[in-house]
Amino acid sequence: MSFVGSVANTISLFFSTSQWWLDVLDILLVTVLIYQFIRLIQRTRAVQLIKGIALVVVVYLIAGVLKLKTVSYIFQNLLQIGLLAIIVVFQPELRRALEQMGRGGFFPKRTDSERISMWHGVIVAICDSVHRMAETKTGALIVIARETGLNEIVGTGAVINSAVTSDLIDTIFYAGTPLHDGAIIIDNGRIIAAGCLLPLTANIEISRSLGTRHRAALGMSEVSDALVIVVSEETGIVSMAHNGILIRKLDGNNLFSILSNELMVGPNDNESVKSIRRFFKR
């Protein structure tokens, strides 16, 4: 203990005589925290909440400048409980961040080639399973998460957290199983949950021939950037919903091509990464 104390005193003496190190360390820590916070909210719907909080702060500042006493009083009391409210609102994101820190996965480690290889296996499994379910007219609903977090949707189903295999997808959607009526959520190359409930679209212009699965797929694509694959139980037709648009009558090649272009290509992929992707698409 005395040795540890002497080391601590030495370090403290060094930093006390070198104040610029403290300034640099302070700036680096704040930068890292802000960067990681931005990364967290980019994968969730918390971005909209952040915008709302920023609007509240702006209104409070304007009220102070204009000396609006009543408005200032209301917003001052709101800001006093703001920290607690933020903790409650962002509880899922904070918990995920702490879990990633505990696993040593706070910083991404997967390279571009590993990401492409992972998604290639996932896409092949999905396409194989969808092809079989289309032939047997087995209804299915597959959600592939992207940047928007789907924690609320995952909470409506049963947590699985398993690798994506065609056999597992077939088993989940086999008629009579407890989870076959809901949707499966695939995030970061793994099946996170099954039997999940999706929000239905409010669009009244869609065809009346489309059932609940298609309406749920459209609704999910309207509130997130997820890719949602639907297999019709009545016709066996394969469809995909993305950004509020439903693409119908997809065959295996079209489905594989769309998933590859959406999941295996990053915005900053270089030529070597694109060549790897082209190799896997052969």
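Helices, as I shall use the word, are DSSP runs of at least four residues, numbered from the N terminus. With that settled, Leu-68 can be placed in the loop between helix H3, residues 46-66, and helix H4, residues 69-80. Please keep in mind throughout that this is a predicted model.

Allow me to begin with the chain as a whole. Its secondary structure comes to twelve helices and seven strands. Of the 282 residues, 34% are buried. The accessible surface amounts to about 17,300 Å², and carbon and sulfur atoms account for 63% of that area. Turning to contacts between residues at least 6 apart in sequence, 62% of them join residues at least 24 apart.

I return now to Leu-68. Is this residue buried or exposed? Leu-68 has a relative accessible area of 39%, and it counts as partly exposed because that value falls between the 20% and 50% cut-offs. Leu-68 also contributes to a nonpolar surface patch of about 470 Å², together with Val-58, Ile-62, Val-65 and Leu-66.

Helix H4 includes Val-71. Val-71 is likewise described as partly exposed, since its relative accessible area of 30% lies between those limits. Val-59 is twelve residues away from Val-71 along the chain, and the C-alpha atoms of the two are separated by 8.7 Å.

My second topic is strand S6, which spans residues 238-242. How many of the residues of S6 are buried? The count is five of five, and the strand is accordingly described as mostly covered. Val-238, Met-240 and His-242 point one way from S6, while Ser-239 and Ala-241 point the other way. Residues on both sides are buried.

Which strands does S6 pair with? One of them is S5, residues 227-231, which pairs with S6 in the antiparallel sense over four bridges. Within this pairing, Ile-229 stands opposite Met-240 of S6. The hairpin of S5 and S6 has six residues between the strands, and Gly-236 in that hairpin takes a positive phi near 80°.

S6 is also joined to strand S7, residues 245-247, by three bridges, and these two strands run antiparallel as well. Here Ala-241 stands opposite Leu-246 in S7. S6 and S7 form a hairpin with two residues between them. In its turn, Asn-243 has a positive phi of about 55°.

To close, I would set two views side by side: Leu-68, partly exposed, in a nonpolar surface patch, and strand S6, mostly covered, with antiparallel pairing to S5 and to S7.

Terms used. Residues numbered from 1 in each chain as written. Predicted model: local features only at pLDDT ≥ 70, side-chain atom pairs only at ≥ 80, totals over all residues. Heavy atoms only, no water. Buried < 20%, exposed > 50% of the residue type's maximum accessible area, 1.4 Å probe, protein only. Pairing = 2+ DSSP bridges. Patch = residues over 30% accessible without salt bridge, like charges linked within 9 Å, V, L, I, M, F, W, Y side chains within 5 Å. Areas by Shrake-Rupley, 256 points an atom, 1.4 Å probe, with all protein chains shown as cover. Salt bridge = Lys/Arg side-chain N within 4 Å of Asp/Glu carboxyl O. Contact = heavy atoms within 4.5 Å.
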